[in-house]
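The exercises below concern ligand surroundings and helix packing. Work through each task with the structure open, then compare with the solution.

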Amino acid sequence: MSLTYIHSAEMRRKVYIETYGCQMNISDTERICTILAEAGYEICDNPSDADAVLINTCAVREHAEQRVRGRLDTFGAVKRHRPGVVIGVLGCMAEFHERAFLERHGMVDIVCGPDEYRSLPCMMESAFEGRRCACTGLSIGETYDDIQPMHSGGVRAWVTVMRGCDNFCAYCVVPFTRGRERSRPLKSVVGEVERLATMGIREVTLLGQNVNSYRDGTHDFADLLRAVASIDRRLRVRFMTSHPKDFSDRVIAAIASVPNICNAVHLPLQSGSDRILLAMNRGYTSAEYRDRVSAAREAVPDLALTTDIMVGFPTETEDDHRRTVELMEEIVFDAAFTFRYSPRPKTRAWGMTDDVPDDVKTRRLEEVINLQRSHSARCNRAHIGRELEVLVEGPSKRSPADWVGRTETDKMVVFPHGDVARGDYVKVKILAATSATLRGVVVRNVTHPASVQESAVV
Ligand code: 5AD
Ligand code: SF4
């Protein structure tokens, strides 16, 4: 820590940070908070109290960028009343547009890419002195391994285990905004999770853009999963995002044999058409995807499988779209994030004509959304009458009389609040289900979750 940045208590400047995009950004924001707190800033949760407003951004789709531009307009208005306020754009949009962002947006003082967060205190000092600045270098080694994330509370935590992506899917900006793949050492990830477990965290999600290609020189992702899960059997372990071409039998075996590695996998399909998968540079065919699903379901019969589907990639025909729908019908996902293709500069697909008309994209998107909704409802209804182990998260945002928690398969369960506390494991009898949630009643508290009982037997 540099002493230059420490302000005395009464002059501690306040920083408000707003986060958009994926879990990786949420996890990055937690590290940014630590970097700024160590430099003497106070993190606040109201922009009108703040001396600096930072937006951690996403560039994956044009729509995500538009939302950030909307927020910048709002904060620009704040700045007209309080000209001293510093405005910073961080993350993927910063990396994507680099210095040009400063030229196009006069109210922005700081542009800081995902590998430059250590420079933020320095950039903030400059900005408060009236010098606008951009730092957008990408690193081949930066993992922020030594920076403890500042957790926002709750029973769940995200742990970034690798950064960047080398896959270069034809539509995706991530390799350009987050750079080359690099992994943290296993020992250091284990150390972070051990600390989280002693703080009362009950569930960790290991994060990486392409988490299955984790490699620290000695260990692969299956080793990492097993090591993290052995810290405490009461700690649930999840991970995302898997890539079908790297989702190995070793990872499947770890899920199947280690009780507290959750039986839930997010495996983006994108398209059911081999021609489109090839054009997307996804590195697998629909048959290979099917093979991974069969292997996982055979080893883990109650596996919950979720996915990403994209419609309207350049040249996608009705026949290609039908193949996506048919594969969805065959596999039946528990949930899916669905997207319409959005052309992004720098990517390989940017050079292709965005030739699927807007109304066709909309219709195809509606079709996959409706199909998925019926599949999600069907998967969820299958749980009615069962007693499921639920990790209690806290009060429901919708109705204060209800509490919410999650099953091992990541299904949200709502139940009337009884004698339970945040972080408890309870058995909930499921009485009703929609496509989004399960509803039930607590039948008993569980002192030893199934994962602990099972591991005693193993
Ligand atoms: N247009 C639409 N969707 C995209 N995704 C990534 N890039 C684009 C794009 N250019 C989707 C993919 C990915 C998810 C995180 O976002 O489905 O899996
Ligand atoms: Fe983007 Fe493909 Fe990497 Fe995922 S695997 S981050 S879609 S390039």
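**Exercise 1.** List the residues around ligand 2 and sort them by class.

*Solution.* The model is predicted. Start with the cysteines: Cys165, Cys169 and Cys172 are among the residues around ligand 2. Add Asn167, Phe168, Tyr171, Val174 and Pro175, then Gln209, His243 and Arg282. Sorted by class, this shell holds seven nonpolar, three polar and one charged residues.

**Exercise 2.** Describe the shell around ligand 1 by residue class and by strand.

*Solution.* The shell comprises Val60, Arg61, Tyr171, Gln270, Asp308, Met310, Phe339, Arg340, Tyr341, Ser342 and Arg344. Its classes are five nonpolar, two polar and four charged. Two strands each supply at least two of these residues: strand 13 (304–311) and strand 14 (335–340).

**Exercise 3.** Find polar atoms of Arg61, Gln270 and Ser342 that lie close to ligand 1, and state how much of the ligand the protein covers.

*Solution.* On the side-chain part, a polar atom of Arg61 is 2.9 Å from a ligand 1 oxygen, and a side-chain N or O atom of Gln270 is 2.7 Å from an oxygen of ligand 1. Ser342 uses its backbone: an N or O atom there lies 2.8 Å from a nitrogen of ligand 1. Ligand 1 on its own has 400 Å² of accessible area, and the protein covers 85% of this.

**Exercise 4.** How are helix 11 and helix 12 oriented relative to each other?

*Solution.* The axes of helix 11 (residues 286–299) and helix 12 (residues 318–331) come within 12 Å and cross at roughly 10°. Angles under 35 degrees count as roughly parallel, so helix 11 is roughly parallel to helix 12. The crossing is right-handed.

Conventions: Residues numbered from 1 in each chain as written. Chains lettered and ligands numbered in written order. Predicted model: local features only at pLDDT ≥ 70, side-chain atom pairs only at ≥ 80, totals over all residues. Heavy atoms only, no water. Near = heavy atom within 4 Å. Polar contact = N/O pair within 3.5 Å; in protein donor to acceptor, adjacent residues only side chain to side chain. Areas by Shrake-Rupley, 256 points an atom, 1.4 Å probe, with all protein chains shown as cover. Helix = DSSP H or I, 4+ residues; strand = E, 2+ residues; numbered from the N terminus. Nonpolar A, V, L, I, M, F, W, Y, C, P; charged D, E, K, R; others polar. Axes fitted to C-alpha atoms, helices over the stretch in contact; angles between N-to-C directions. Parallel < 35°, antiparallel > 145°, perpendicular 65-115°, else oblique. Left-handed = near helix turned anticlockwise from the far one by under 90°.
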